Amino acid sequence: MDVTVNNQSTCSEYEKLEPLGWLANGMNAENGRIISFPTIPQLNDTIGSSDRVIENGYFYERELYSPIDMGNDTDWHSFKEHWDRLAVDKYMADGGTYRLRRYSTLFFESHRMAILKMPYMPLFKSSSYNSFAGDIFRDFQETESTLFFNPYFQRLLNESLRVFIACENQRGRTKQKWFIEVDQYRITADKNQPGKPTPEGVHSDGTNYFSLMLVAREGVRGGVSSIYDNVLNLKKEVTLEYPGDVIMLDDASMMHGVTSIEPLEDHGVRDILHISFTNLLRPGSINRRFGFGSEDMLTI
Ligand SMILES: [Fe+2]
């Protein structure tokens, strides 16, 4: 893989991009730890949800990827246990300790037929899309590599990629290079501190699309997800209750928020796998995602 900064970029734009690691620096990409997935996504939308994402702005399906026999499914148990090994997010503007997470970045371009795990890079979001922790580089522990090879992770990743590739194809954007971000979130709630899944309120993530799947919801009430269009008309309200519940969202045209969670008794948790997808070749995507730059800046 060769990732370089285009010589035509301005110095200030390069300086802003440089801390983003592999996205801005080809040497890091070549020397990095890259994982190819043995399960190659077929480039069609096997669950037919791209039409719904385009028509409605979202797709929601209860228990889409739920384990059939949760009690005896060792793959599910090892998948779920990854959420017991997250670290407290130290970048919370409200000083809260109720959010734990890990973060990694992946890359996919269709002619390579494999999804690549890219070297570490910090998380950076523009304050235009993140008033809570925008315009700062945030360091998180990386996703554990065992998660990438778990069938439940692979299912959400591969199916989401198929859906969003189909969306882009239907919209006539067949040139695609996907910057994929993997976020594991645990929101905790106890009597002293309710948990806020979206402390920034109703917002857009600044990506093109994302999928989220409920991994666990234990001992809490609240946590109602709301989906709005870009002028804040409410389109959907749903509570993710069952492990395997999935929402896929057209993040570029929709907004979203989740109400706080409170413990039913002493303590509760809400665990989410969130995977976002940004087509770096889509006009305006890089600027939207990072708050600066354009697709002309990168030769990938
Ligand atoms: Fe969000």
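The largest nonpolar core of this predicted model has 33 residues. Those with the most contacts inside this core are Phe79, Phe153, Trp178, Ile180, Leu273, Ile275 and Phe277. Around it, the protein is built from 7 helices and 17 strands, and 56% of its 300 residues count as buried. Here is a friendly tour, starting from that core and ending at the iron ion.

**The nonpolar cores**

- Eight elements are worth colouring when you look at the largest core: α4, β4 (99-108), α5 (145-148), α6, β8 (178-190), β9, β13 (246-249) and β16 (267-279) each give two or more residues to it.
- Helix α6 supplies the largest share of this core, with 9 residues.
- Phe79 is a handy place to start: setting aside neighbours within four places in sequence, Phe79 is in contact with Leu147, Asn150, Tyr152, Phe153, Met213, Val215 and Leu273.
- There is also a second, separate core of 17 residues, and Tyr91, Met121, Phe140 and Phe179 are among its members.
- Long-range contacts are a strong theme in the protein: of the contacts with a separation of 6 or more, 78% come from residues 24 or more positions apart.

**Aromatic rings**

- The structure holds 12 aromatic pairs.
- One of them joins Phe164 and Tyr209, which are stacked at 4.7 Å centre to centre with 15° between the planes.
- Phe164 belongs to helix α6 (residues 151-170) and Tyr209 to strand β9 (residues 209-218), so this pair ties together parts that are 45 residues apart in sequence.
- Both partners are buried: Phe164 has 0% relative accessibility, and Tyr209 has a relative accessible area of 0%.
- Trp76, Phe79, Trp83 and Tyr152 are linked by ring pairs into a cluster.
- Phe140, named above in the second core, has the charged end of Arg101 sitting over its ring, 4.4 Å from the centre.

**Ser66 in its loop**

- Ser66 is found in the loop between β2 (58-61) and α4 (74-81).
- At 18% relative accessibility, Ser66 falls under the 20% cut-off and therefore counts as buried.
- A polar atom of the Ser66 side chain lies 2.5 Å from the backbone oxygen of Pro243.
- Not counting residues up to four places away in sequence, Ser66 touches Tyr152, Pro243 and Gly244.

**The iron site**

- Three protein donors serve the iron ion: His203 (NE2), Asp205 (OD) and His256 (NE2), which lie 2.1 to 2.2 Å from the metal.
- If you want to spot the donor residues in the sequence, look for the spacing H-x1-D-x50-H.
- His203 is buried at 7% relative accessibility, and Asp205 is buried with a relative accessible area of 8%.

**Lys125, a neighbour of Asp205**

- Lys125 lies in the loop between β6 (123-124) and β7 (137-138), and counts as buried at 12% relative accessibility.
- A polar atom of the Lys125 side chain lies 3.1 Å from the backbone oxygen of Asp205, a residue that also serves as an iron donor.
- Leaving aside neighbours within four places in sequence, Lys125 is in contact with Asn130, Gly134, Asp135, Ile136, Arg138, Asp205, Thr207 and Arg289.
- Lys125 and Gly291 are 166 residues apart in sequence, yet their C-alpha atoms are 7.3 Å apart in space.

Note on methods:
Residues are numbered from 1 along each chain as its sequence is written. This is a predicted model: local features need pLDDT of at least 70, side-chain atom pairs count only at pLDDT 80 or more; totals for chains, interfaces and linings use all residues. Side-chain values use heavy atoms; hydrogens and water are left out. Donors are N, O and S atoms within 2.8 Å of the metal (3.2 Å for Na, K and Ca); water is not among the atoms, so sites may look incomplete. Buried means under 20% relative accessible area, exposed over 50%, partly exposed in between (1.4 Å probe, protein chains only). Helices (H or I, at least four residues) and strands (E, at least two) are DSSP runs, numbered from the N terminus. A polar contact is a pair of N or O atoms within 3.5 Å; within protein, one must be able to donate a hydrogen and the other to accept it, and residues adjacent in sequence count only if both atoms are side-chain atoms. Contact means heavy atoms within 4.5 Å. Rings of Phe, Tyr and Trp (its six-membered ring) pair if their centres lie within 6.5 Å; planes under 30 degrees apart count as stacked, over 60 as edge-to-face and the rest as tilted. A charge sits over a ring if NZ of Lys or CZ of Arg is within 6 Å of the ring centre and within 35 degrees of the ring normal. A nonpolar core is a set of buried Ala, Val, Leu, Ile, Met, Phe, Trp, Tyr and Cys residues joined through side-chain atoms within 4.5 Å.
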